[in-house]
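Hello,

Please find below the structure I am handing over to you. My notes on what was found in it follow.

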Amino acid sequence: MQHTETFIHHTSVVDEGAIIGGGCKIWHFSHIYAGAVIGEGCNIGQNVMVASDVILGKNVKVQNNVSIYSGVVCEDNVFLGPSCVFTNVRTPRSEFPRHNRFEKTTVGQGATVGANATIVCGVKIGQYAFIGAGAVVTRTVPDYALVSGNPARQTGWVSRHGCRLRFDNDGMAVCPESGISYRLLNNHIYVE
């Protein structure tokens with residue numbers, strides 16, 4: 001994929017030592033810390049914070065007011081909805097800093113994190129999973145799973161295109177947008 005020139009709005013701060021891939025757009029009032037790695041073609045919305053040791057793959061879309069703390073890895077083509085937030089310590093205390101206890105969180109390729117969702121550290125969000133708006137994710141989410149609520153619970157399955165899958169008695173479903181077939185077997189999704 002060919003990218004245009006990288007754009008960084010003059011109100012944003014990109015610390016020396018941050019790595020920004022070609023063709024990225026970083027909009028108003030965002031801060032990219034030293035040690036952050038942002039892949040090619042990413043779009044970083046307004047008022048976004050990307051901390052040190054965060055890795056964003058290629059073509060990651062980060063909407064306005066998102067905080068991504070150290071220890072988060074987003075694979076290629078991830079979508080982070082407005083005002084979602086990641087944590088990196090399970091038991092934070094102002095009086096007892098725990099910078100040496102940051103837990104890793106991974107968001108798999110093509111996954112979506114909805115607006116105002118909170119992702120508690122130490123979980124893995126599977127490829128093409130869909131986290132509903134306002135969900136509080138406290139445990140690992142399978143590939144292609146649809147989760148919502150507080151705490152987040154699985155309510156279904158979605159296709160790579162983000163459409164809800166409806167499985168027949170043989171465990172087969174077809175994405176209404178793409179026409180691609182999916183098989184549900186032993187609580188795992190397989191693309192046919």
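Leu 146, in β21, stands opposite Gly 156 in β22. These two strands, β21 and β22 (residues 153–157), pair in the antiparallel sense over 4 bridges; pairing requires at least two bridges found by DSSP. Strands here are DSSP runs of E with at least two residues, numbered from the N terminus. The hairpin of β21 and β22 has 4 residues between the strands, and Gly 149 takes a positive phi near 95° there.

This is a predicted model, in which local features need pLDDT of at least 70, side-chain atom pairs count only at pLDDT 80 or more, and totals for chains, interfaces and linings use all residues. Residues are numbered from 1 along each chain as its sequence is written, and side-chain values use heavy atoms, with hydrogens and water left out.

β21 also pairs with strand β19 (residues 130–131), in the parallel sense and over 2 bridges. Here Ile 131 stands opposite Val 147 in β21. Leaving aside neighbours within four places in sequence, the contacts of Ile 131 (heavy atoms within 4.5 Å) include Val 113, Ala 117, Ile 125 and Val 147.

The largest nonpolar core (buried Ala, Val, Leu, Ile, Met, Phe, Trp, Tyr and Cys residues joined through side-chain atoms within 4.5 Å, where buried means under 20% relative accessible area with a 1.4 Å probe, protein chains only) has 48 residues. Among those that touch the most other members are Ile 131, Val 113 and Leu 80. β8 (49–50), β12 (72–74) and β21 (145–148) each supply at least two residues of this core.

Regards

Conventions:
Buried < 20%, exposed > 50% of the residue type's maximum accessible area, 1.4 Å probe, protein only.
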